[in-house]
Amino acid sequence: MRKQKFDMTSWLLLLPALFAFVMVIIIPFIMGILYSFTDWSSRPQPDGMQVVGLLNYLETFKDPSFLYSFIVTTVYTALNMLIINVVAFILALLVTSNIKFKHAYRVGFFLPNLIGGLILGYIWQFIFNIVVPNLPLITELIPAIQNPANYILAERNSALMAIVIAGSWQYAGYIMMIYVAAIISVPGELFEAAKIDGAGPWMQLRTIIIPMTAQAFTVTLFLTLVQSFKQYDVNVSLTGGGPATTFMEKSILGTELLAMNIYNTAFKANQLAQSQARAVIFFLVLAVISTFQVRANKKQEIEL
């Protein structure tokens, strides 16, 4: 009798959150899938919304801008995941060592994560367009960088790397905190035993720290994978998708990631239904890749 009363109370407490989740996530998600099979548009439709089947999906895969955005987003995600996790892990090792002011360093490295993506993008745009071309240390080595045509954000590949740098600077501190929590949870007896056996710092890192923090790698790789695929605000404020380039004989934006491509398709090209189809494809791709990534990392944890 007591158990039934407790369960009812739990459900009543859960009900507001469950209602909000269904109204804000589930219903819009299902409606979005349904809209992707129609000719939904913001333009007046005298005959009402019509079902067009898979037409929006077929048009999406024929569009060079979407295919290019997919490739660029994949490259960006791979670079971003690598750089963020390497930098975050090194920072975590640093702030868990015996250096002075390590707690202040933790706060300092985490602070960029508190800056909004739009503001952060504009800050880095100022650095790349104003500071770097006028920094004597750099201009003496690369005089050509003073020419606006050679600015970092003026060329497609360097502009993409600029997004990676800005995104890594923002997110590495957050990922570092996860690695810090994993490293300080490693039993100290293991390090003491390793020192007795004559193991140096590199041997301790390879045989103790990395294996014992394998679960943290699963979490951080998943978070950086999802965050990288969804990147939008830094992309908008730093490059705006530019500079222009050509792909499949069509002029397109050179650093337009998938999220921006979906937004531009909806609100600049006014193709709401096709944008919704791209969002569905985006969701499916991200779900499949993240599932494979988590499974692969979990197997590694078992082997270790």
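Is Lys250 buried, exposed or partly exposed? I looked this up before anything else: Lys250 is partly exposed, with a relative accessible area of 37%. For my own bookkeeping, buried means under 20% relative accessible area, exposed means over 50%, and partly exposed falls in between, with a 1.4 Å probe and protein chains only.

**Entry 1: ground rules**

I am working with a predicted model, where local features need pLDDT of at least 70 and side-chain atom pairs count only at pLDDT 80 or more, while totals for chains, interfaces and linings use all residues. Residues are numbered from 1 along each chain as its sequence is written, and side-chain values use heavy atoms, with hydrogens and water left out.

**Entry 2: the whole chain**

I found 13 helices and two strands in the chain. Helices (H or I, at least four residues) and strands (E, at least two) are DSSP runs, numbered from the N terminus. Taken along the principal axes, the C-alpha atoms fill a box of roughly 80 × 80 × 35 Å. Of the 304 residues, 38% count as buried. I also checked contacts, meaning heavy atoms within 4.5 Å. Among contacts with a separation of 6 or more, residues 24 or more positions apart account for 71%.

**Entry 3: what the record says**

I turned to UniProt, whose unreviewed entry places "domain: ABC transmembrane type-1" at residues 70-293. UniProt positions are in the numbering used here, feature names are shortened, and annotations may be inferred rather than shown by experiment. In the model, residues 70-293 are 71% helix and 4% strand, and the end C-alpha atoms of that span lie 18 Å apart.

The unreviewed entry also lists "transmembrane region" at several spans, including residues 66-95 and 207-229. I looked at these two. Residues 66-95 are 100% helix and 0% strand, with end C-alpha atoms 42 Å apart. Residues 207-229 are 96% helix and 0% strand, and there the end C-alpha atoms are 32 Å apart.

**Entry 4: back to Lys250 and its partners**

Which residue forms a salt bridge with Lys250? It is Asp63, and the closest N and O atoms are 3.3 Å apart. The pair links distant parts of the chain: Asp63 sits in the loop between helix H2 (55-62) and helix H3 (64-95), Lys250 in strand S2 (residues 250-253), and they are 187 residues apart. My cut-off for a salt bridge is a side-chain nitrogen of Lys or Arg within 4 Å of a carboxyl oxygen of Asp or Glu. By this rule I count two salt bridges.

The other partner to note is Arg278, which forms a salt bridge with Asp63 at 2.6 Å between the closest N and O atoms. This pair also links distant parts of the chain, with Arg278 in helix H13 (residues 272-303) and Asp63 in the H2–H3 loop, 215 residues apart. Asp63, Lys250 and Arg278 are thus linked in a network of salt bridges. As a reminder to myself, side chains of opposite charge can pair when their charged atoms come close.

Asp63 counts as buried because its relative accessible area is 13%. Arg278 counts as buried too, at 0% relative accessibility. Leaving out residues up to four places away in sequence, Arg278 touches Thr60, Asp63, Ser65, Phe66, Asn261, Ile262 and Thr265.

**Entry 5: two more buried residues**

Ile84 is found in helix H3 and is buried, with a relative accessible area of 0%. Beyond its neighbours within four places in sequence, Ile84 is in contact with Gly167, Ser168, Tyr171, Ala172, Ile175, Thr224 and Gln227. The C-alpha atoms of Ile84 and Gln170 are separated by 9.2 Å, though their positions lie 86 residues apart along the chain. Ser228 lies in helix H10 (residues 214-229) and is buried, with a relative accessible area of 0%. Not counting residues up to four places away in sequence, Ser228 touches Tyr76, Thr77, Asn80 and Met81. The C-alpha atoms of Ser228 and Leu257, 29 residues apart along the chain, are separated by 9.6 Å.

**Entry 6: the largest pocket**

Which helix gives the most to the lining of the largest pocket? I found that H9 does, with five residues. Helix H7 (156-184), helix H8 (188-196) and helix H9 (201-212) each supply at least two lining residues. The lining has 14 residues, and Thr96, Ser97, Phe191, Gln204 and Ile209 lie nearest the pocket's centre.

Notes: 1 Å grid on protein atoms, 1.4 Å probe; cavity = no way out; pocket = protein on both sides within 12 Å on 5 of 7 lines; lining within 4 Å.
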